[in-house]
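Trainee: Please take one part of this model, the loop ahead of the second helix, and give me a close look at it, then at how the neighbouring helices pack.

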Amino acid sequence: MEFEKMSENDIINLAQKRENAAMEYLLEKYKPLVRQKTRKLFLIDGDKDDLIQEGMIGLFKAVRDYQVGKDAAFRTFADLCISRQLYSACLLYTSDAADD
């Protein structure tokens, strides 16, 4: 499927209907945003790949939960979901490290 010619909302709708190619397209398209958001973060006993994986989980949740037609653009919503996932992961890793 040629996603470049489709609107982002149409691609999101396909991904939400479990069209794997649409989900993969969106994950690849927004992966640079995930990488950008992880640059300033650090996990105790973790590495950058762990952070990127957490960010990608946030991105996946953004695609899953985005409601087309709401006021926020998808990129804004994805940015928020990624940030929240990364913040939660940092808290969890920090808490686990303090328990050790």
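**A loop and the packing beside it**

Mentor: Arg 18 is found in the loop between helix 1 (8-16) and helix 2 (20-38); helices here are DSSP runs (H or I, at least four residues), numbered from the N terminus. The model is predicted, so local features need pLDDT of at least 70 and side-chain atom pairs pLDDT 80 or more, while totals for chains, interfaces and linings use all residues. Residues are numbered from 1 along each chain as its sequence is written, and side-chain values use heavy atoms, leaving out hydrogens and water.

Arg 18 is not a glycine, yet has a positive phi of about 70 degrees. Arg 18 counts as exposed because its relative accessibility is 72% (exposed is over 50%, buried under 20%, partly exposed in between; 1.4 Å probe, protein chains only).

Now the packing. The largest nonpolar core (buried Ala, Val, Leu, Ile, Met, Phe, Trp, Tyr and Cys joined through side-chain atoms within 4.5 Å) has 24 residues, of which Leu 26, Leu 59 and Phe 74 touch the most other members. Helix 1, helix 2, helix 3 (48-65) and helix 4 (74-99) each give two or more residues to this core, and helix 2 gives the largest share, 7 residues.

The whole structure holds 4 aromatic pairs (ring centres within 6.5 Å; planes under 30 degrees apart are stacked, over 60 edge-to-face, the rest tilted; for Trp, the six-membered ring counts). Phe 3 and Tyr 25 make a tilted pair, 5.2 Å centre to centre with 35 degrees between the planes. Phe 3 lies in the segment before helix 1 and Tyr 25 in helix 2, so this pair ties together parts 22 residues apart in sequence. Phe 3 is buried at 6% relative accessibility, whereas Tyr 25 is partly exposed at 21%.
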